[in-house]
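Here are some exercises to work through with the structure open beside you. Try each task before you read its solution.

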Amino acid sequence: MIPDLGRVPGVLGEIARRRLADVLRGLEAGEAPEPEALPPAPSFRAALEAPGLSLIAEVKRKSPSQGDIAPLDATKVAQAYAQGGARAISVLTEPHYFAGSDEDLIRVRRAVGLPVLRKDFTVHPAQVRQARRLGASAVLLIVAVLGERTGAYLELARKEGVEALVEVHDARELEIALEAGAGIVGINNRDLTTLEVNLDTAPRLGRLARGRGFDGVLVAESGYARAEELRSLKGLFDGVLVGTSLARSGRWREAVAALLG
Ligand SMILES: O=P(O)(O)OC[C@@H](O)[C@@H](O)c1c[nH]c2ccccc12
(Lines give C-alpha, C1' and ligand atoms only; values in the text may rest on other atoms or scores of the structure.)
Protein backbone atom coordinates (compact mmCIF):
# COMPACT_ATOMS: atom_id res chain seq x y z
CA MET A 1 0.00 0.00 0.00
CA ILE A 2 3.05 2.25 0.04
CA PRO A 3 2.83 4.64 -2.93
CA ASP A 4 5.63 4.88 -5.47
CA LEU A 5 7.23 8.08 -4.20
CA GLY A 6 9.97 8.05 -6.82
CA ARG A 7 7.50 9.59 -9.26
CA VAL A 8 6.44 12.50 -7.00
CA PRO A 9 8.25 15.64 -8.25
CA GLY A 10 9.75 18.68 -6.55
CA VAL A 11 9.62 19.64 -2.88
CA LEU A 12 6.59 17.39 -2.37
CA GLY A 13 8.55 14.30 -3.42
CA GLU A 14 11.43 15.26 -1.17
CA ILE A 15 9.18 15.72 1.88
CA ALA A 16 7.13 12.58 1.20
CA ARG A 17 10.24 10.37 0.84
CA ARG A 18 11.72 11.72 4.05
CA ARG A 19 8.41 11.14 5.81
CA LEU A 20 8.31 7.51 4.71
CA ALA A 21 11.82 6.99 6.07
CA ASP A 22 10.64 8.47 9.42
CA VAL A 23 7.59 6.21 9.59
CA LEU A 24 9.57 3.08 8.74
CA ARG A 25 12.20 3.96 11.34
CA GLY A 26 9.49 4.55 13.95
CA LEU A 27 7.80 1.23 13.17
CA GLU A 28 11.10 -0.61 13.42
CA ALA A 29 11.86 1.01 16.76
CA GLY A 30 8.38 0.02 17.93
CA GLU A 31 7.42 3.63 18.65
CA ALA A 32 3.73 3.88 19.23
CA PRO A 33 2.42 7.09 20.74
CA GLU A 34 -0.15 5.90 23.28
CA PRO A 35 -1.86 8.88 24.80
CA GLU A 36 -4.48 8.36 27.49
CA ALA A 37 -7.86 7.27 26.20
CA LEU A 38 -9.85 10.19 24.82
CA PRO A 39 -13.60 10.55 24.25
CA PRO A 40 -14.61 9.92 20.61
CA ALA A 41 -13.30 12.62 18.28
CA PRO A 42 -15.91 15.15 17.10
CA SER A 43 -16.88 15.00 13.41
CA PHE A 44 -14.74 17.03 11.02
CA ARG A 45 -17.38 16.76 8.32
CA ALA A 46 -20.16 18.03 10.58
CA ALA A 47 -18.05 21.08 11.50
CA LEU A 48 -17.65 21.85 7.79
CA GLU A 49 -21.34 21.33 7.08
CA ALA A 50 -22.45 23.98 9.57
CA PRO A 51 -24.08 26.98 7.80
CA GLY A 52 -21.76 29.48 6.09
CA LEU A 53 -18.07 29.07 5.35
CA SER A 54 -16.33 27.08 8.11
CA LEU A 55 -12.78 28.09 9.00
CA ILE A 56 -10.16 25.43 9.63
CA ALA A 57 -7.32 27.28 11.36
CA GLU A 58 -3.86 25.76 11.18
CA VAL A 59 -1.07 25.50 13.74
CA LYS A 60 1.94 26.13 11.47
CA ARG A 61 5.40 27.22 12.66
CA LYS A 62 7.43 26.90 9.53
CA SER A 63 7.01 25.91 5.89
CA PRO A 64 9.14 25.23 2.82
CA SER A 65 7.70 28.32 1.09
CA GLN A 66 7.85 30.80 4.03
CA GLY A 67 10.69 29.51 6.20
CA ASP A 68 10.09 30.36 9.88
CA ILE A 69 6.55 31.66 10.46
CA ALA A 70 6.19 31.89 14.26
CA PRO A 71 7.37 29.90 17.32
CA LEU A 72 3.87 28.86 18.38
CA ASP A 73 2.64 27.29 21.61
CA ALA A 74 0.15 24.85 20.04
CA THR A 75 -2.22 24.84 23.04
CA LYS A 76 -2.45 28.62 23.31
CA VAL A 77 -2.86 29.18 19.59
CA ALA A 78 -5.54 26.52 19.20
CA GLN A 79 -7.53 27.97 22.11
CA ALA A 80 -7.32 31.44 20.59
CA TYR A 81 -8.38 30.10 17.17
CA ALA A 82 -11.38 28.44 18.80
CA GLN A 83 -12.34 31.63 20.67
CA GLY A 84 -12.11 33.60 17.42
CA GLY A 85 -14.67 31.31 15.76
CA ALA A 86 -12.67 28.60 13.97
CA ARG A 87 -14.74 25.42 13.55
CA ALA A 88 -11.82 22.99 13.26
CA ILE A 89 -8.08 23.02 13.89
CA SER A 90 -5.41 21.68 11.55
CA VAL A 91 -2.18 20.59 13.21
CA LEU A 92 0.94 19.97 11.15
CA THR A 93 2.75 16.93 12.52
CA GLU A 94 5.61 16.81 9.98
CA PRO A 95 8.81 17.66 11.91
CA HIS A 96 11.51 18.56 9.37
CA TYR A 97 9.91 21.06 7.00
CA PHE A 98 7.04 22.29 9.20
CA ALA A 99 8.45 21.93 12.74
CA GLY A 100 5.33 20.06 13.84
CA SER A 101 4.91 17.01 16.06
CA ASP A 102 2.48 14.38 17.28
CA GLU A 103 2.72 16.00 20.73
CA ASP A 104 1.27 19.19 19.22
CA LEU A 105 -1.72 17.22 18.03
CA ILE A 106 -2.26 15.58 21.41
CA ARG A 107 -2.03 18.97 23.16
CA VAL A 108 -4.49 20.61 20.77
CA ARG A 109 -6.94 17.75 21.05
CA ARG A 110 -6.92 18.13 24.84
CA ALA A 111 -7.13 21.93 24.74
CA VAL A 112 -10.14 22.45 22.47
CA GLY A 113 -13.42 20.69 21.77
CA LEU A 114 -13.13 21.21 18.00
CA PRO A 115 -12.32 18.46 15.49
CA VAL A 116 -8.61 18.25 14.71
CA LEU A 117 -7.12 17.45 11.32
CA ARG A 118 -3.78 15.63 11.38
CA LYS A 119 -1.95 17.55 8.69
CA ASP A 120 0.81 15.29 7.51
CA PHE A 121 2.16 13.60 4.44
CA THR A 122 0.39 10.27 4.58
CA VAL A 123 2.64 7.74 2.86
CA HIS A 124 2.11 4.62 4.99
CA PRO A 125 -1.04 2.94 6.38
CA ALA A 126 0.39 3.10 9.91
CA GLN A 127 -0.06 6.88 9.87
CA VAL A 128 -3.84 6.51 9.58
CA ARG A 129 -3.98 4.31 12.69
CA GLN A 130 -1.61 6.69 14.51
CA ALA A 131 -3.89 9.61 13.67
CA ARG A 132 -6.83 7.92 15.34
CA ARG A 133 -4.79 7.02 18.42
CA LEU A 134 -3.56 10.60 18.69
CA GLY A 135 -7.17 11.80 18.78
CA ALA A 136 -7.41 13.28 15.30
CA SER A 137 -10.84 13.47 13.69
CA ALA A 138 -9.37 13.42 10.18
CA VAL A 139 -6.25 12.71 8.14
CA LEU A 140 -4.94 14.42 5.03
CA LEU A 141 -4.64 12.32 1.87
CA ILE A 142 -2.73 14.14 -0.88
CA VAL A 143 -3.59 12.76 -4.33
CA ALA A 144 -0.30 14.08 -5.78
CA VAL A 145 1.45 11.72 -3.32
CA LEU A 146 -0.90 8.73 -3.25
CA GLY A 147 -1.99 8.65 -6.89
CA GLU A 148 -4.13 5.61 -7.62
CA ARG A 149 -3.62 4.40 -4.02
CA THR A 150 -5.92 7.19 -2.85
CA GLY A 151 -8.96 4.90 -2.86
CA ALA A 152 -7.20 2.27 -0.75
CA TYR A 153 -6.26 4.90 1.87
CA LEU A 154 -9.82 6.22 1.90
CA GLU A 155 -11.04 2.69 2.53
CA LEU A 156 -8.49 2.22 5.33
CA ALA A 157 -9.51 5.52 6.95
CA ARG A 158 -13.14 4.43 6.84
CA LYS A 159 -12.23 1.10 8.47
CA GLU A 160 -10.21 2.86 11.16
CA GLY A 161 -12.99 5.33 11.87
CA VAL A 162 -11.04 8.42 10.81
CA GLU A 163 -12.38 10.97 8.34
CA ALA A 164 -10.25 12.04 5.38
CA LEU A 165 -9.60 15.32 3.62
CA VAL A 166 -8.58 14.37 0.08
CA GLU A 167 -6.38 17.10 -1.38
CA VAL A 168 -6.10 17.94 -5.08
CA HIS A 169 -4.44 20.67 -7.10
CA ASP A 170 -5.49 20.05 -10.71
CA ALA A 171 -8.31 18.55 -12.79
CA ARG A 172 -6.62 15.18 -13.14
CA GLU A 173 -6.16 14.82 -9.39
CA LEU A 174 -9.76 15.94 -8.84
CA GLU A 175 -10.89 13.14 -11.16
CA ILE A 176 -8.92 10.59 -9.08
CA ALA A 177 -10.41 11.93 -5.83
CA LEU A 178 -13.99 11.77 -7.15
CA GLU A 179 -13.40 8.33 -8.68
CA ALA A 180 -12.08 7.12 -5.30
CA GLY A 181 -15.30 8.26 -3.64
CA ALA A 182 -13.88 11.11 -1.53
CA GLY A 183 -16.55 12.78 0.59
CA ILE A 184 -14.41 15.75 1.65
CA VAL A 185 -12.28 17.30 -1.09
CA GLY A 186 -9.68 20.00 -0.44
CA ILE A 187 -8.48 22.13 -3.33
CA ASN A 188 -5.01 23.48 -2.70
CA ASN A 189 -4.19 26.83 -4.29
CA ARG A 190 -0.53 26.00 -3.68
CA ASP A 191 1.26 23.68 -6.09
CA LEU A 192 3.23 21.55 -3.64
CA THR A 193 5.83 20.67 -6.24
CA THR A 194 6.76 24.32 -7.02
CA LEU A 195 5.16 26.05 -3.96
CA GLU A 196 3.48 28.63 -6.22
CA VAL A 197 0.09 29.95 -5.05
CA ASN A 198 -2.79 30.95 -7.33
CA LEU A 199 -6.06 31.88 -5.60
CA ASP A 200 -8.02 31.20 -8.82
CA THR A 201 -7.34 27.46 -8.51
CA ALA A 202 -9.88 26.69 -5.77
CA PRO A 203 -12.90 28.47 -7.34
CA ARG A 204 -12.05 27.04 -10.77
CA LEU A 205 -11.72 23.42 -9.60
CA GLY A 206 -14.56 23.86 -7.10
CA ARG A 207 -16.91 24.72 -9.97
CA LEU A 208 -15.55 21.79 -11.96
CA ALA A 209 -16.22 19.42 -9.04
CA ARG A 210 -19.80 20.65 -8.61
CA GLY A 211 -20.27 20.46 -12.42
CA ARG A 212 -19.24 16.81 -12.21
CA GLY A 213 -22.02 16.31 -9.69
CA PHE A 214 -19.86 16.23 -6.54
CA ASP A 215 -22.22 16.97 -3.66
CA GLY A 216 -19.80 16.31 -0.80
CA VAL A 217 -17.84 18.81 1.26
CA LEU A 218 -15.47 21.24 -0.50
CA VAL A 219 -12.56 22.98 1.24
CA ALA A 220 -10.39 25.73 -0.28
CA GLU A 221 -6.78 25.68 0.94
CA SER A 222 -3.76 27.98 1.13
CA GLY A 223 -2.81 31.56 0.44
CA TYR A 224 -5.68 33.38 2.20
CA ALA A 225 -4.96 36.42 4.34
CA ARG A 226 -7.96 38.78 4.02
CA ALA A 227 -11.75 38.50 4.41
CA GLU A 228 -12.27 39.86 0.86
CA GLU A 229 -10.34 36.91 -0.55
CA LEU A 230 -12.92 34.52 0.88
CA ARG A 231 -15.78 36.14 -1.04
CA SER A 232 -15.30 34.07 -4.19
CA LEU A 233 -15.66 30.93 -2.03
CA LYS A 234 -19.06 31.66 -0.51
CA GLY A 235 -21.88 29.49 -1.83
CA LEU A 236 -19.42 27.14 -3.54
CA PHE A 237 -17.19 25.98 -0.67
CA ASP A 238 -18.08 24.61 2.76
CA GLY A 239 -14.75 25.40 4.36
CA VAL A 240 -11.46 27.22 4.04
CA LEU A 241 -8.10 26.19 5.48
CA VAL A 242 -5.83 29.02 6.61
CA GLY A 243 -2.39 28.73 8.19
CA THR A 244 0.41 31.22 7.60
CA SER A 245 -1.51 34.50 7.81
CA LEU A 246 -3.19 33.50 11.09
CA ALA A 247 -0.12 31.90 12.64
CA ARG A 248 2.06 34.90 12.00
CA SER A 249 -0.52 37.44 13.27
CA GLY A 250 0.47 37.06 16.93
CA ARG A 251 -3.16 37.98 17.80
CA TRP A 252 -4.75 34.72 16.85
CA ARG A 253 -8.27 35.24 18.18
CA GLU A 254 -8.59 38.66 16.55
CA ALA A 255 -7.05 37.42 13.29
CA VAL A 256 -9.61 34.60 13.03
CA ALA A 257 -12.51 36.94 13.84
CA ALA A 258 -11.28 39.49 11.26
CA LEU A 259 -10.94 36.86 8.55
CA LEU A 260 -14.48 35.64 9.21
CA GLY A 261 -15.70 39.24 8.88
O1 LIG B 1 -0.35 28.68 5.18
P2 LIG B 1 -1.44 28.80 4.20
O3 LIG B 1 -1.02 29.37 2.88
O4 LIG B 1 -2.63 29.51 4.76
O5 LIG B 1 -1.92 27.30 3.86
C6 LIG B 1 -2.50 26.46 4.84
C7 LIG B 1 -2.63 25.01 4.32
O8 LIG B 1 -3.50 25.00 3.23
C9 LIG B 1 -1.26 24.46 3.94
O10 LIG B 1 -0.50 24.42 5.09
C11 LIG B 1 -1.29 23.10 3.27
C12 LIG B 1 -2.20 22.65 2.37
N13 LIG B 1 -1.93 21.40 2.01
C14 LIG B 1 -0.82 20.99 2.64
C15 LIG B 1 -0.15 19.75 2.60
C16 LIG B 1 0.94 19.60 3.41
C17 LIG B 1 1.40 20.62 4.22
C18 LIG B 1 0.74 21.85 4.27
C19 LIG B 1 -0.37 22.02 3.48
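Before starting, one cut-off: a residue counts as buried when its relative accessible area is under 20%. Keep in mind that this is a predicted model.

**Exercise 1. Strand S8**

Task: Work out how many residues of strand S8 (residues 184-188) are buried, and which residues sit on each face.

Solution:
- Step 1. Go through the strand with the cut-off in hand: five of the five residues in S8 are buried, which leaves the strand mostly covered.
- Step 2. Now split the strand by face. One side carries Ile 184, Gly 186 and Asn 188, the other Val 185 and Ile 187, and they are all buried.
- Step 3. Both faces of S8 therefore count as covered, since buried is set at under 20% relative accessible area.

**Exercise 2. From S8 out to the sheet**

Task: Find how many bridges join strand S7 (residues 163-168) to S8, then place the strands in their sheet.

Solution:
- Step 1. S7 and S8 run parallel and are joined by three bridges.
- Step 2. Look for the partners: Val 166 has Val 185 of S8 as its bridge partner, and Val 168 stands opposite Ile 187 in S8.
- Step 3. Go to the other neighbour of S7. S6 and S7 also run parallel, with five bridges between them; here Val 139 stands opposite Ala 164 in S7.
- Step 4. Check burial of S7. Five of its six residues are buried, so S7 is largely enclosed by the rest of the structure.
- Step 5. Zoom out. The strands form a closed barrel of eight, in the order S1-S4-S5-S6-S7-S8-S9-S10, with parallel pairing. On average, neighbouring strands of this sheet are turned by 25 degrees against each other, direction ignored.
- Step 6. Add a helix: H5 (residues 126-134) packs on the sheet, where it touches strand S5 (116-119) and strand S6 (138-142). The direction of H5 makes about 145 degrees with that of S5.

**Exercise 3. Two buried residues**

Task: Decide whether Gln 127 is buried or exposed, do likewise for Ile 56, and list what each one touches.

Solution:
- Step 1. Gln 127 lies in helix H5. Its relative accessible area is 2%, so Gln 127 is buried.
- Step 2. Skip the neighbours within four places in sequence, and Gln 127 is in contact with Arg 19, Val 23, Arg 118, Asp 120, Phe 121 and Thr 122.
- Step 3. Ile 56 is in strand S1. With a relative accessibility of 1%, Ile 56 counts as buried.
- Step 4. Again leave out residues up to four places away in sequence. The contacts of Ile 56 include Phe 44, Leu 48, Ile 89, Val 219 and Val 242.

**Exercise 4. Helix H3 and its two partners**

Task: Describe how H3 (residues 74-84) crosses helix H4 (residues 102-111) and helix H11 (residues 252-260).

Solution:
- Step 1. Know what to look for: a packed pair of helices is described by the angle and the distance between the two axes.
- Step 2. The axes of H3 and H4 come within 9 Å and cross at roughly 40 degrees. That makes H3 oblique to H4, and the crossing is right-handed.
- Step 3. Find the residues that meet: Ala 74, Thr 75, Ala 78 and Gln 79 from H3, and Asp 104, Arg 107, Val 108 and Ala 111 from H4. By class, this contact has four nonpolar, two polar and two charged residues.
- Step 4. Turn to H11. Its axis and that of H3 come within 7 Å and cross at roughly 35 degrees, and this crossing is right-handed.
- Step 5. H3 supplies Val 77, Ala 80, Tyr 81, Gln 83 and Gly 84, while H11 brings Trp 252, Arg 253, Val 256, Ala 257 and Leu 260. The residues in the contact of H3 with H11 come to seven nonpolar, two polar and one charged.

**Exercise 5. What covers H4?**

Task: Pick out the buried residues of H4 and say which elements cover them.

Solution:
- Step 1. The buried residues of H4 are Asp 102, Asp 104, Leu 105, Ile 106, Val 108 and Arg 109.
- Step 2. Their cover includes strand S1 (54-59), H3, strand S4 (88-92), S5 and H5.

Notes
Residues numbered from 1 in each chain as written. Predicted model: local features only at pLDDT ≥ 70, side-chain atom pairs only at ≥ 80, totals over all residues. Heavy atoms only, no water. Axes fitted to C-alpha atoms, helices over the stretch in contact; angles between N-to-C directions. Helix = DSSP H or I, 4+ residues; strand = E, 2+ residues; numbered from the N terminus. Parallel < 35°, antiparallel > 145°, perpendicular 65-115°, else oblique. Left-handed = near helix turned anticlockwise from the far one by under 90°. Contact = heavy atoms within 4.5 Å. Nonpolar A, V, L, I, M, F, W, Y, C, P; charged D, E, K, R; others polar. Buried < 20%, exposed > 50% of the residue type's maximum accessible area, 1.4 Å probe, protein only. Pairing = 2+ DSSP bridges.
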